[in-house]
Amino acid sequence: MITFKGVTKVYERQGEKVKAVDHVNMKVEEGEICVLIGPSGCGKTTLLRMVNRLVPLSEGTIEVGGTEINSLDPIQLRRSIGYVIQQNGLFPNMTIEENINVVPKMIGWDVQKMKSRYQELMEMMGLDPEEYRKRFPWELSGGQQQRIGVARAMAADPPVMLMDEPFGALDPVIRDHLQNEFLRLQKHMKKTILFVSHDIDEAIRLGDKIAIFNKGSLMQFGTPDDILSNPRNEFVRDFIGTDREIKRLSLLTVKELLHKGKKLGRSQTIPHEVNRESVKLDTDLRTALSVLLASPTGEAAVVDHHNHPHGIISISDFQILTGVHPTKLQTIVR
Ligand SMILES: Nc1ncnc2c1ncn2[C@@H]1O[C@H](COP(=O)(O)OP(=O)(O)OP(=O)(O)O)[C@@H](O)[C@H]1O
Ligand SMILES: [Mg+2]
């Protein structure tokens, strides 16, 4: 758990004071991903760097796992927290393998253990361990360097991770792949993660919680669903954009829609016709909506993983759920 109480940072620049972080209070639970998001310069990096004491606090306290960070030895603290730096920050004079092994080496892992961890991490990042082992950071593309940065932060398996736009420089396909991989791993790892992003879709997808900042102040803290369904103020509403009903769909599954329909006395089980479009019970509703919009009948059968039929959904079900008229849904999704 990471607890922020009245956390404030004032930088001094040529006698001028800049309040980068302004009385932030929030609590990130053990094993959760909290995505920090907001416009450039709103204090996200500063907040991260206060957690591992790379930036000293001006006011307030931060506790990691119930212990106030100022009572810990900063070196010890940093070893227990993985940090992915915004501009990857690899050591230019070290090979890729040496970069990844920095912390394991410091804490005294044996050579064999480091070798197999290197192998495992590279495979996880979709990079060939042999091909990159002896290369230097400048011999890699920006996106590859960024993945090495993520691997390095994860190397010694720290319980807490600070990730500053780790997927920022990646092309959409690799980014999508790594987001999925990251969520899959997190199911088992259950690390406590502060993750900076500037992409609201990424925040909705990855965050158990989202913290939205503006000019150093926390505007709203909550689950993606909280924030999308009840943006607290004008700033948050503008930030998440006009299509929040549609964004919310990616948080719900077909199963939930079907359940809702049944409660309203609709969607009885209908035999699965051969030519009908179908969606799985665990398909997210944003994907399901695209299927429905492409379907000539505006309907789709709902099936489980054994292709057993569970019911039927149609575009009008989405109108009930989102309050958005089908013709408008069509224009938003396209
Ligand atoms: N070392 C520093 N000295 C003085 N001012 C600083 C320093 N570091 C950051 N700032 C200022 O503090 C504010 C917050 O900066 P920070 O880097 O935390 O923002 P950010 O949200 O991470 O932005 P970005 O999305 O562009 O990475 C900015 O106004 C920045 O200019
Ligand atoms: Mg930053």
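Lys44 reaches out to ligand 1: one of its polar side-chain atoms lies 2.8 Å from an oxygen atom of the ligand. What you're looking at is a predicted model, where local features need pLDDT of at least 70, side-chain atom pairs count only at pLDDT 80 or more, and totals for chains, interfaces and linings use all residues. Residues are numbered from 1 along each chain as its sequence is written, chains are lettered from A and ligands numbered from 1 in the order in which they are written, and side-chain values use heavy atoms, with hydrogens and water left out.

**Around ligand 1**

- Thr45 joins in as well, with a polar side-chain atom 2.8 Å from an oxygen atom of ligand 1.
- Gly43 uses its backbone instead: a polar backbone atom there is 3.0 Å from an oxygen atom of ligand 1.
- How much of ligand 1 does the protein bury? Taken alone, ligand 1 exposes 640 Å², and the protein buries 67% of that; accessible areas come from the Shrake-Rupley method with a 1.4 Å probe, and for residues only the protein chains shown count as cover.
- The full shell around ligand 1 is Tyr11, Arg13, Ala20, Ser40, Gly41, Cys42, Gly43, Lys44, Thr45, Thr46 and Gln86; to be near the ligand, a residue needs a heavy atom within 4 Å of it.
- Sorted by type, the shell has 3 nonpolar, 6 polar and 2 charged residues. Here Ala, Val, Leu, Ile, Met, Phe, Trp, Tyr, Cys and Pro count as nonpolar, Asp, Glu, Lys and Arg as charged, and the others, Gly among them, as polar.
- β1 (2-13) and α1 (44-51) each give the shell at least two residues, and the largest share, 3 residues, comes from α1. Helices (H or I, at least four residues) and strands (E, at least two) are DSSP runs, numbered from the N terminus.

**Helix α1**

- Is α1 mostly covered or mostly uncovered? It's mostly covered, as 6 of its 8 residues are buried. Buried means under 20% relative accessible area, exposed means over 50%, and partly exposed is in between (1.4 Å probe, protein chains only).
- The buried residues in α1 are Lys44, Thr46, Leu47, Leu48, Met50 and Val51.
- Right after α1 comes Arg53, whose phi is positive, near 65°.

**Cysteines without a bond**

- A disulfide is a covalent bond between the sulfur atoms of two cysteines. In the count used here, that's a pair of cysteine sulfur atoms within 2.5 Å.
- How many disulfides turn up in the whole structure? The search finds 0.
- Why doesn't Cys34 form a bond? Its closest cysteine sulfur, in Cys42, is 12 Å away, so the gap is too far for a bond.
- Cys34 counts as buried, at 0% relative accessibility. Cys42 is buried too, with a relative accessible area of 2%.

**Backbone oddities**

- Most residues other than glycine have a negative phi, and most peptide bonds are trans.
- His23 has a positive phi, near 45°. His23 sits in strand β2 (residues 16-28) and is partly exposed, with a relative accessible area of 42%.
- Asp157 also has a positive phi, near 55°. You'll find Asp157 in the loop between α7 (142-154) and β7 (160-164), where it counts as partly exposed at 47% relative accessibility.

**Two more spots to look at**

- Ser314 is in strand β13 (residues 309-314) and is buried, at 13% relative accessible area.
- The side chain of Ser314 makes a polar contact with the side chain of Ser316 (3.0 Å). A polar contact is a pair of N or O atoms within 3.5 Å; within protein, one must be able to donate a hydrogen and the other to accept it, and residues adjacent in sequence count only if both atoms are side-chain atoms.
- Met94 lies in the loop between β6 (81-84) and α3 (96-100) and is partly exposed, with a relative accessible area of 26%.
- Met94 and Lys134 are 40 residues apart along the chain, and their C-alpha atoms are separated by 8.9 Å.

**The whole chain**

- The protein chain has 16 helices and 13 strands, and 48% of its 334 residues are buried.
- Its C-alpha trace spans about 65 × 50 × 35 Å along the principal axes.
- The domain assignment gives domain 1 (2-243) and domain 2 (254-333), with bounds from an automatic or database assignment. Taken over C-alpha atoms, the centres of domain 1 and domain 2 are 37 Å apart.
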